[in-house]
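User: Can you walk me through how the strands pair up here and what sits in the core?
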Amino acid sequence: VVNKELAGGAYYKKKGAVLRLATPYAAVLRMLESGDEVQLDQDDLETVIPNTGKAVALLRGDYRGQLATVLDVDVANFAVRLKILPDQKDAGRVLDRVDYEDISKQHHQSAPA
């Protein structure tokens, strides 16, 4: 969270897991430290980009709601290359140049390649 004024600064620089999208520009998060559930605008958030091999959820587009593994991170283009996990609808499909803002790191999930 990058908003210093939200809840008197209680969530500033704290991490949360996206539970769902509330609107095209806002998400409901569960804060990792406190367990609080909060709805935040995208301008109040900063995406955490997982390392190669880690699991992410797709938040937008044709593959919304599916889980994937990060294959590569393209820092120059603010994008990642992903492979849909085996137990998902589009298992094995590789997605090139998925924007950072279209994914969310998965917590407590191991990601098979």
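Analyst: Two strands count as paired if DSSP finds at least two bridges between them, and the strands themselves are DSSP runs (E, at least two residues), numbered from the N terminus. This is a predicted model, in which local features need pLDDT of at least 70, side-chain atom pairs count only at pLDDT 80 or more, and totals for chains, interfaces and linings use all residues. Residues are numbered from 1 along each chain as its sequence is written, and side-chain values use heavy atoms, with hydrogens and water left out. On that basis, strand 4 (residues 55-58) pairs with strand 5 (residues 67-74) in the antiparallel sense over three bridges, and V56 has A68 in strand 5 as its bridge partner.

User: And which sense does strand 5 take with strand 6, over how many bridges?
Analyst: Strand 5 and strand 6 (residues 79-84) are antiparallel, with six bridges, and D72 stands opposite R81 in strand 6. Four residues lie between the strands of this hairpin, where F78 takes a positive phi near 55°.

User: OK, switching to the three-stranded sheet: what's the strand order?
Analyst: The sheet is open, with the order 1-2-3 and antiparallel pairing. Strand 1 (16-23) and strand 3 (37-41) are at the edges with a single partner strand each, so one side of each has no neighbour in the sheet. Neighbouring strands in this sheet are turned by 30° against each other on average, direction ignored, where the axes are lines fitted to C-alpha atoms.

User: What joins strand 2 and strand 3?
Analyst: They form a hairpin with five residues between them, and G35 in the turn has a positive phi of about 85°. Strand 2 (residues 26-31) pairs with strand 3 over five antiparallel bridges; A26 has D41 as its bridge partner, and R30 has E37.

User: Which side chains of strand 3 are buried?
Analyst: V38 and L40 point to one face and are buried (under 20% relative accessible area, 1.4 Å probe, protein chains only), whereas E37, Q39 and D41 point to the other face and are not buried.

User: So what's in the largest nonpolar core?
Analyst: A nonpolar core is a set of buried Ala, Val, Leu, Ile, Met, Phe, Trp, Tyr and Cys residues joined through side-chain atoms within 4.5 Å. The largest has 12 residues, including V56, L58, Y63, A68 and I84. Strand 4, strand 5, strand 6 and strand 7 (94-99) each supply at least two of its residues, and strand 6 gives the most, with three. Apart from this core lies another, of seven residues, among them Y11, A27, L29 and M31.

How values were computed. Axes are lines fitted to C-alpha atoms, for helices over the stretch in contact, and angles run from 0 to 180 degrees between N-to-C directions. Buried means under 20% relative accessible area, exposed over 50%, partly exposed in between (1.4 Å probe, protein chains only).
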